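Please work through the exercises below with the sequence and the structure open beside you, and try each task before you read its solution.

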Amino acid sequence: MLTYKFSLKPNLRQETMLNQTCAAVRAVFNAANEQRRLYERKKGTDAHGRDSSFKKYRQVKEVSTRALKQDADLAWLTVATSDSFGFALDNLDQAWNKYFDNLRKGIACDKPSFRNASDKNSFKLRAQTVAKGTASKKGKFNGRRPNILFNNRGVKLPKIGWVSMVKHIRVLGDPRTVTVKREGSKWFICISSRLEVKDWEKMDTAVGIDLGSIIPVATSTGEQFPRLVKTSMAKAKRIKNAQRAVSRSKRRSQRRRVKVAELARLKRLETKRVRCELQKTSRSLVNRFGTIAIENLKVSNLTKSAKGNVEKYGKNVTAKSRLNREMLAIPKFGFRSMLEYKAKAAGGEVIAVCPA
């Protein structure tokens, strides 16, 4: 599976519909999460005689388009499709299953949280494809029309229509799912496609990768990639000034919302820069080496706070916090994931070894 990300250019009407669709999916997700928080895991039946186990196939019946249209208070939810509700409930299923697994293992964790309008603006659709030979003589497909259509200029989304898209690369394979999301004030579409990978001959070369803080990536051949964490002084100063402006503004004020949005925009630009450098570095390594050994780091253990507690104060708290920021500047597991899927497509291998 390979995911392509493109920028969308919706007009004012389409942007309004996209926001309404995100709001409808978010409302259904939060309502289903509230229902599960009330009953939690299966304990027989509740006081009303209902089964207290909730799964996607049970909750999705309550948000069918036909049922929602009959309720005047919930009719606004029909702006979204049933596919988007199903995928949202799938995510909720995975979150609760992970929560119960952690409880069984004795790991302290919180219950799945609710989605908010500030950072959870997305919805997912199924990109149905029509198999060859299913078209009838009249040109109609036998109940299997494509749910989403693509061309070089845009994408046709259900209930929204054709939306302009900046298509900078050709989409290969068979598209399966489409995710539309908003980052700040911009909209993006992520197309997940299934590809058939050729069997490549594995190269005999091998390399080991060390992950650090000052130099994030260093190889056993002597190469170093310090550019991954190298931020220009001007950009670093802008981020620092934006953080100060947020801290000096009054909470719940309009000025603070503007400053937070500006800080988030600068952070997103820095995140994109780091991901771009990681993509280039991982591609360079995969093209030259058939076997790559990388440290299996436990980042959560490495970045624990050193402040201690009331009975026993910590030592070098400021230095440790600075080291933690440097360690978290580069997503260690994200870089390892990039290496794994690139090496798998190229016939290589990535081995996670003990850091010791």
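A residue is called buried when its relative accessible area is under 20%, exposed when it is over 50%, and partly exposed in between. Keep in mind throughout that this is a predicted model.

**Exercise 1.** Decide whether R36 and D93, the partners of a salt bridge, are buried or exposed, and find out which helices they belong to.

Solution. Begin with the contact itself: D93 and R36 form a salt bridge in which the closest N and O atoms are 2.6 Å apart. Next, locate the two residues: D93 lies in helix α4 (residues 82-105) and R36 in helix α1 (residues 12-39), so the pair ties together parts that are 57 residues apart in sequence. Finally, compare the accessibilities with the cut-off: R36 has a relative accessible area of 5% and is therefore buried, and D93, at 13%, also counts as buried.

**Exercise 2.** Work out how far apart in sequence E262 and R265 are, and what this separation amounts to in helical turns.

Solution. The side chains of E262 and R265 meet in a salt bridge, with a distance of 2.9 Å from N to O. Both residues belong to helix α6, where they are three residues apart, which means that about one helical turn separates them. As for accessibility, E262 has a relative accessible area of 35% and is partly exposed, and R265, with 37%, is partly exposed as well. Elsewhere, salt bridges that share partners join K5, K181 and E183 into one network, and the structure holds 11 salt bridges.

**Exercise 3.** Determine which side chains of strand β2 are buried, and name the residue that is the bridge partner of L125.

Solution. Follow strand β2 (residues 122-126) and note that its side chains alternate: F123 and L125 point to one face and are buried, whereas S122, K124 and R126 point to the other face and are not buried. Then look at the neighbouring pairing, in which β2 and strand β6 (residues 174-183) run in the antiparallel sense over five bridges. Within β6, V178 is the bridge partner of L125.

**Exercise 4.** Identify the residues that make the nonpolar surface patch of about 380 Å², and place L195 in the chain.

Solution. The patch is made by L172, L195, V197 and W200. Of these, L195 lies in the loop between β7 (186-194) and β8 (206-211), and its relative accessible area of 30% makes it partly exposed.

Notes:
Residues are numbered from 1 along each chain as its sequence is written. This is a predicted model: local features need pLDDT of at least 70, side-chain atom pairs count only at pLDDT 80 or more; totals for chains, interfaces and linings use all residues. Side-chain values use heavy atoms; hydrogens and water are left out. Patches are made of residues with over 30% relative accessible area and no salt bridge: like charges are joined within 9 Å, nonpolar side chains (Val, Leu, Ile, Met, Phe, Trp, Tyr) within 5 Å. Accessible areas come from the Shrake-Rupley method with a 1.4 Å probe; for residues, only the protein chains shown count as cover. A salt bridge is a side-chain nitrogen of Lys or Arg within 4 Å of a carboxyl oxygen of Asp or Glu. Helices (H or I, at least four residues) and strands (E, at least two) are DSSP runs, numbered from the N terminus. Buried means under 20% relative accessible area, exposed over 50%, partly exposed in between (1.4 Å probe, protein chains only). Two strands pair if DSSP finds at least two bridges between them.
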